[in-house]
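Hi,

Here is the structure I promised to pass along. Have a look at it first, and my notes follow underneath.

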Amino acid sequence: RSRQRCCSAPLVGDMMQPDLELSPIGNCQVSALIDRQGAIVWGCVPRVDGDPVFCSLLNGDARDRGIWRFELEGQTSATQRYERNTAILITRLESEDGSAVEIHDFAPRFERSGRMYRPVAYARIVRPVAGAPRMRVVLAPMMEYGAKLAETTNGTNHVRYLIGPQALRLTTDAPVGYVLEGRSYRVESDQHFFLGPDEPFVGNIRSEVRRSEAATARYWQHWVRGLHIPLEWQEEVIRAAIALKLCQHEETGAIVAALTTSVPEAPNSQRNWDYRYCWIRDSYYTVQALNRLGALDVLEKYLAYLRNIVDQARGGQIQPLYSVMGETELHEFEAEKLAGYRGMGPVRVGNAAYKQVQYDCYGQIVMPTAQAFFDTRLLRMADDRDFEHLEEVGEAAWAKHDKPDAGLWEFRTRQEVHTYSAVMCWAACDRLANVAARLGKGDRVIYWQERASAIRAKIEEMAWAEEGDHYRASFQSDYLDASLLQMVELRYLKPDDARFLKTFAAIERDLRRGNHMLRYAAEDDFGAPETAFNVCTFWLIEALALVGRRDEARGIFGDMLSHTTHSGLLSEDLDYETGELWGNFPQTYSLVGIINCAGLLSKPWSEVR
């Protein structure tokens, strides 16, 4: 497929099942997912974990509710692309008589009045580009998780959509009556739509929306220009990086695992989870990948979020996840009015995993924070006071390194001492020793080195299975999981370590399915896994490269890229037999894999200099 990512789509009239061929737009306050026809099918307000006013993606057969689309009479095709190096999506709809329109979609984001302007708003421009197109606007936002359509009131040039205690206002230079009644009309000039705060729109809608589009394009292009990207797979890395940034809630710095809830990990599996929250683990991997590209703005914002989390915990239990506002209680319930993705409910809101104990989180707090003691580029470097707070996290890692937890895969019905969690606790102590050395605290260097050594000794004693000649996924069980491949990335082992090589061979034997990797093969709370976990496949690719099987790694990486959507992105899971994507979208884990593997496998820039 062309890396320009121009996608053709079937006709509007075709009764298609929803799929994950979706393109995100956003501004780090709100986001939306747009299907191949240019329809907004998912979008929450006033932030990513809010009420999905656009919920058609999970609305079963009622796909005309919770949607915003433009229907071209006699439409025969749709093509789609992003404006280069931006989060501005352009969809071209063509009809049988040769007429056509272009839809420009974006969420405004640019500096204004000395601060970043990122309103709770979506902007859309419809441009007639050929013939005499006739079009119908279908705008049907919902409220209370699909319980009912928003009520409307209107004026001469606007429509108010009442969504619970708040309202959204559509300001437009299109005929308001036609929009309200869903009537077709001839599009003879550019039309501008701004769905945002319920307040009078200041200025001329045409000039202001166009100015916003240009300013938003400049913002994204300048942000991309500052990235340190590899020579090969540049477009793939840029698109993944933009999507990762869209997953950050800039107000607090939190990074969500995905923009959606309840897209099942496999058909009818009940593995439907709400990923619109900030997992400490997922965020660690995200900032690690973006840091490799030099996107320090995301790291700085996230470190501020972490400092608040650590302060809030006051030396106590760190949860696996929090809301983007740092809320601790994320009560899980089912949105009964939404049928689910392809009717495969339930649609869950909230995530009960917040109640779990997952001790890997301590390492995932220490490691990104440790950079702030070394990186002089940062606007705010860490100091002795920050070290004192970070030592509290280290103490928790020491106390919990050999205690049972739910593990990184968040088992809901059992607890064991998971090797990955123990290695992460080791990493927390190991990195604290490095920070202490940086600060000239010799006694603390010795203190944390001794603790790291003690944890290592425990792991070697309890996690190594002599009978299987490999590390085990937990101290109590003999099964394998793909997280053991991270022992090299975490600097616990070197890639030529005999124990790692034996463990890698066992993982390939038990978990590899062609060019894809399961996270584990043992049955869990919902039975045996049915799909590959995309980030685990990227861990496989990394391990292959590190042990010298570079050509094989490049081949599998190319195969993974062939499974990306036309927007260049991936969800959480993949059917390793059909190649279909499953799970929440876009998944930060998976995008991290694209960035990390591209950087690891690319030819060096020196080859073109």
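Before the cysteines, one cut-off: a residue counts as buried when its relative accessible area is under 20%, as exposed when that value is over 50%, and as partly exposed in between. Also keep in mind that this is a predicted model.

**Cysteines**

By that cut-off, Cys-55 is buried, because its relative accessibility is 0%. Does it have a partner, or is it unpaired? The closest cysteine sulfur belongs to Cys-44 and sits 8.8 Å from the sulfur of Cys-55, which is too far for a bond. Cys-425 is in no disulfide either, with the sulfur of Cys-429, its nearest, 7.3 Å away. Cys-425 also comes out at 0% relative accessibility, so it counts as buried. In fact, the number of disulfides in the whole structure is zero.

**The nonpolar cores**

As you'll know, nonpolar side chains in soluble globular proteins tend to be buried together. Here the largest nonpolar core takes in 166 residues. If you want places to start looking, the residues with the most contacts inside this core are Trp-223, Ile-459, Trp-539, Ile-541, Phe-557 and Ile-595. Helix 8, which covers residues 419–438, supplies the largest share of the core, with 13 residues.

I took Ile-541 as an example. Setting aside residues up to four places away in sequence, Ile-541 touches Ala-553, Ile-556, Phe-557, Met-560, Cys-597 and Leu-601. There is also a second core, separate from the other and made up of 36 residues, with Trp-68, Leu-72, Met-135 and Tyr-161 among them.

**A buried serine**

Ser-283 is worth a click too. You'll find Ser-283 in helix 4, which spans residues 280–292, and its relative accessibility of 0% makes it buried. What does its side chain have for polar company? A polar atom of the Ser-283 side chain lies 3.2 Å from the backbone oxygen of Ile-255. Apart from neighbours within four places in sequence, Ser-283 is in contact with Ile-255, Cys-278 and Tyr-302.

**Salt bridges**

The structure has 44 salt bridges, and I'll just point out a few.

Arg-160 pairs with Asp-198, and their closest N and O atoms are 2.7 Å apart. That pair ties together distant parts of the chain, 38 residues apart: Arg-160 is in strand 17 (residues 158–163), while Asp-198 is in the loop between strand 20 (191–197) and helix 2 (205–225). Arg-160 counts as partly exposed, at 23% relative accessibility, and Asp-198 is partly exposed as well, at 31%.

Arg-512 shows up in more than one bridge. With Glu-508, the closest N and O atoms are 2.7 Å apart, and both Glu-508 and Arg-512 are buried. Arg-512 also meets Glu-552 in a salt bridge, at 2.9 Å from N to O. The Arg-512 and Glu-552 pair again links distant parts of the chain, from strand 29 (residues 512–513) to helix 13 (residues 550–562), 40 residues apart. Arg-512 is buried because its relative accessibility is 17%, whereas Glu-552, at 28%, is partly exposed.

Last one: Asp-64, Arg-69, Glu-71 and Arg-136 are joined in a network of salt bridges.

Cheers

Methods
Residues numbered from 1 in each chain as written. Predicted model: local features only at pLDDT ≥ 70, side-chain atom pairs only at ≥ 80, totals over all residues. Heavy atoms only, no water. Disulfide = S-S within 2.5 Å. Buried < 20%, exposed > 50% of the residue type's maximum accessible area, 1.4 Å probe, protein only. Core = buried A, V, L, I, M, F, W, Y, C linked by side-chain atoms within 4.5 Å. Helix = DSSP H or I, 4+ residues; strand = E, 2+ residues; numbered from the N terminus. Contact = heavy atoms within 4.5 Å. Polar contact = N/O pair within 3.5 Å; in protein donor to acceptor, adjacent residues only side chain to side chain. Salt bridge = Lys/Arg side-chain N within 4 Å of Asp/Glu carboxyl O.
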